[in-house]
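Let's walk through this structure together, starting from a helix and its surroundings and ending with the cysteines. Keep the model open as you read.

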Amino acid sequence: MGEQQHVKFPQEVIDEYAALGVDLPALFSAGHLGTRMGVQILEASAERVVGTMPVEGNTQPYGLLHGGASAVLAETLGSVGSMLHGGSSKIAVGVDLNCTHHRGARSGLVTGVATPLHQGRSTATYEIVISDEQGRRVCTARLTCLLRDVNPGDGEHLRPAN
């Protein structure tokens, strides 16, 4: 997936996680699945998360962007937004994902933009619009995350490996 040096976070969010010993840009690597799929998070705040993913390597047998790949991008972006909304005392866990696929994409990058529909105390819902390089909507997704309290030991998963 590459380095996350291009991610733009609000300074107060960086400071909040740094106080916990968490390197926020390293946290948003989208995990092993995101690495395999080439997901890049370009911008992240509770109000807007933007990321890209290549079509190449993420296609179904007909050569079109796989719907599951769009779902991975959508859930990644919506989860990042939900986590940032919940803050460092909460963990965002996806509980519902709905994707509508509007058109196929055969090449290039797709870009997803996640914006909040609901930001509550215990849940957050984001709409994620995925577009091709011509700005045409490829997929519209909606993700709802449960915001649960951090339990002892959860922080171990948030800290970068030494």
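Here is a short tour, beginning with how the values were obtained.

This is a predicted model, in which local features need pLDDT of at least 70 and side-chain atom pairs count only at pLDDT 80 or more, while totals for chains, interfaces and linings use all residues. Residues are numbered from 1 along each chain as its sequence is written, and side-chain values use heavy atoms, with hydrogens and water left out.

Start at helix α4, residues 67-86 (helices are DSSP runs of H or I with at least four residues, strands runs of E with at least two, numbered from the N terminus). Its end C-alpha atoms lie 28 Å apart, in agreement with the 28 Å expected for 20 residues, taking 1.5 Å times one less than the number of residues. Of those 20 residues, 15 are buried (under 20% relative accessible area; exposed is over 50%, partly exposed in between, with a 1.4 Å probe and protein chains only). G87 follows α4 and has a positive phi, near 80°.

Next comes the largest nonpolar core, with 34 residues; such a core is a set of buried Ala, Val, Leu, Ile, Met, Phe, Trp, Tyr and Cys residues joined through side-chain atoms within 4.5 Å. M53, L65, V110, I128 and I130 touch the most other members, and α4 gives the most to this core, with eight residues. V110 touches M53, L65 and I130, among others (contact means heavy atoms within 4.5 Å).

Why are there zero disulfides, pairs of cysteine sulfur atoms within 2.5 Å? The sulfur of C99 has its closest cysteine sulfur in C139, 4.6 Å away, which is too far for a bond. C99 is partly exposed at 24% relative accessibility, whereas C139 is buried at 0%.

How values were computed: A disulfide is a pair of cysteine sulfur atoms within 2.5 Å. Lists of a residue's contacts leave out its neighbours within four places in sequence.
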